[in-house]
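Please open the model in your viewer and keep the selection tool at hand. The tour moves from the whole chain to single residues, with one stop at a time.

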Amino acid sequence: MRYALKIATRYLTASKAQTLLLVLGVAVGVFIFIFMSALIGGLAEFLLARIAGDLSHVTIEAKVLDPAVLVPAGPGLVLTVTERPREKTANLANAASLVPIIESLPGVIAVSPQINGSGFLTKGAQVAQVAINGIEPGLESSILNLQGYIVEGSADLAVGRIILGRGLTDDLSLRLGQTVRLQSTEGIEALLTLTGILETGSDATDKRTAYVSIGTARTMFEMPQGVTRIEIKLGDIYAADAAAVRISAATGLTATSWTTQAAQLMDALKAQSQTGILLKTFAMITIIIGVASALLLSTYRRRPEIGIMRAMGAERGFVVFVFVLQGGLIGLLGGLSGALIGYLALLPFPTREHFQSGSLPLDITQGSYGAAILLTLAGAILASIVPARAAARVDPVTAIGQ
């Protein structure tokens, strides 16, 4: 072992420039591997934080049960029973007893009972259709981080207050402190004071959503008790499917995971992950080809030396081991160098907690440094097998005579 290591080291140091270029080439491949891992992993974390992070991880919604209505079936006086769509606010009447049960389940960090519906926001002759979200005061940022998105005013919701998105306030030329008229689909109006303006970057929120207190929503939708929806936040968003099953079992109601609602996002993340694996595979293939080519060249140049070793009694297995060891050293040096370069290159980028829109979401913790070094080492050893076997087959007499 020691003798083989000495010979392999001698081969590497005999042509320092060539060895340096080879190690540098391997290091570049490892750097690409680490960079792609950090980029794809960071992008996934960024998307989940921005999209899934502002979603309810598990949702319980009241089901609308429209009663059968008698309507004429056709000519004559014959009546038939048919279903006719009818506007009706669904209700989870026992929400008050469900919330403590859900809060006690493992992994649950926030529960927000809400009253949701549709309505119209009016300022003078201007009218905008909006989705009305009634939220318990004190829970304004438990699901969607309203406080974090507020650009003017406050996120505190009390009776008589309303929070709107920047897009909606711009469309209606509204300013903080102005009074607006909000009318629900039940025909009930309320005069509310604009006390907060938020900007999330999503048109669905910034142009079409109005946030009021749950007390205001109860009045507007004639719902003295119960809620229309219970939104639940988890400590681990990846545990949403299992949590939904537990919540359904505990409450007897249908709980829906965010992964079901955001199936397209999950498909996009899977496709992105597959693309990353493909690119990293190409980086590994490049490393293997480079190491194999260099060792084949080294084998050809050192045929006389290999012939002498064979003539002195060195077995073929020993020759194979020398060249495999040489490839392993190249892979180890290149892997360590590439990992160090990758880490230093990613160090200036912000951590995942400080990702911002428009910036490159490179997550230094997603670099897969250990995997990159191990795969590079394994790839270099595999790449050295063919040249090593070629070296072992060298005929001593022929090689010495060259």
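The stops below go from the overall chain to a strand, then to the cores, and finally to a patch on the surface.

**The whole chain**

Begin with everything displayed as a cartoon, bearing in mind that this is a predicted model. The secondary structure comes to 14 helices and 12 strands, and of the 402 residues in the chain, 44% count as buried. If you switch to a surface display, the accessible surface comes to about 20,600 Å², with 61% of that area belonging to carbon and sulfur atoms. Among contacts with a separation of 6 or more, residues 24 or more positions apart account for 76%.

**Strand β9 and its partners**

Next select residues 189-198, which form strand β9. Because 7 of its 10 residues are buried, β9 is largely enclosed by the rest of the structure. Now add residues 179-184, strand β8, which runs antiparallel to β9 and is joined to it by 5 bridges; here Val 180 stands opposite Leu 192. The two strands form a hairpin with 4 residues between them, and in the turn you will find Gly 187, whose phi is positive at about 85°.

Then add residues 161-165, strand β7, which is parallel to β9 and joined to it by 5 bridges, with Leu 164 opposite Ile 197. Finally bring in residues 150-153, strand β6, which pairs with β9 in the antiparallel sense over 3 bridges; the bridge partner of Ile 150 is Leu 198 in β9.

**The nonpolar cores**

Which residues touch the most other members of the largest nonpolar core? Select Leu 121, Ile 162, Leu 182, Ile 230 and Ile 232, which hold that place among its 46 residues. Centre the view on Leu 121 and show its surroundings: leaving out residues up to four places away in sequence, Leu 121 touches residues including Ile 162, Leu 164, Val 180 and Leu 182, as well as Gln 126 and Arg 181. A second, separate core has 23 residues, among them Ala 38, Met 284, Ile 287 and Leu 362.

In soluble globular proteins, nonpolar side chains tend to be buried together, and the last stop turns to nonpolar residues on the surface.

**A nonpolar patch on the surface**

Select Leu 278, Leu 279, Phe 282, Ile 285 and Ile 289, which make a nonpolar surface patch of about 460 Å². Phe 282 lies in helix α10, residues 263-301. Is Phe 282 buried or exposed? With a relative accessible area of 47%, Phe 282 counts as partly exposed, since that class lies between under 20% for buried and over 50% for exposed.

Methods. Residues are numbered from 1 along each chain as its sequence is written. This is a predicted model: local features need pLDDT of at least 70, side-chain atom pairs count only at pLDDT 80 or more; totals for chains, interfaces and linings use all residues. Side-chain values use heavy atoms; hydrogens and water are left out. A nonpolar core is a set of buried Ala, Val, Leu, Ile, Met, Phe, Trp, Tyr and Cys residues joined through side-chain atoms within 4.5 Å. Buried means under 20% relative accessible area, exposed over 50%, partly exposed in between (1.4 Å probe, protein chains only). Contact means heavy atoms within 4.5 Å. Accessible areas come from the Shrake-Rupley method with a 1.4 Å probe; for residues, only the protein chains shown count as cover. Two strands pair if DSSP finds at least two bridges between them. Patches are made of residues with over 30% relative accessible area and no salt bridge: like charges are joined within 9 Å, nonpolar side chains (Val, Leu, Ile, Met, Phe, Trp, Tyr) within 5 Å. A salt bridge is a side-chain nitrogen of Lys or Arg within 4 Å of a carboxyl oxygen of Asp or Glu.
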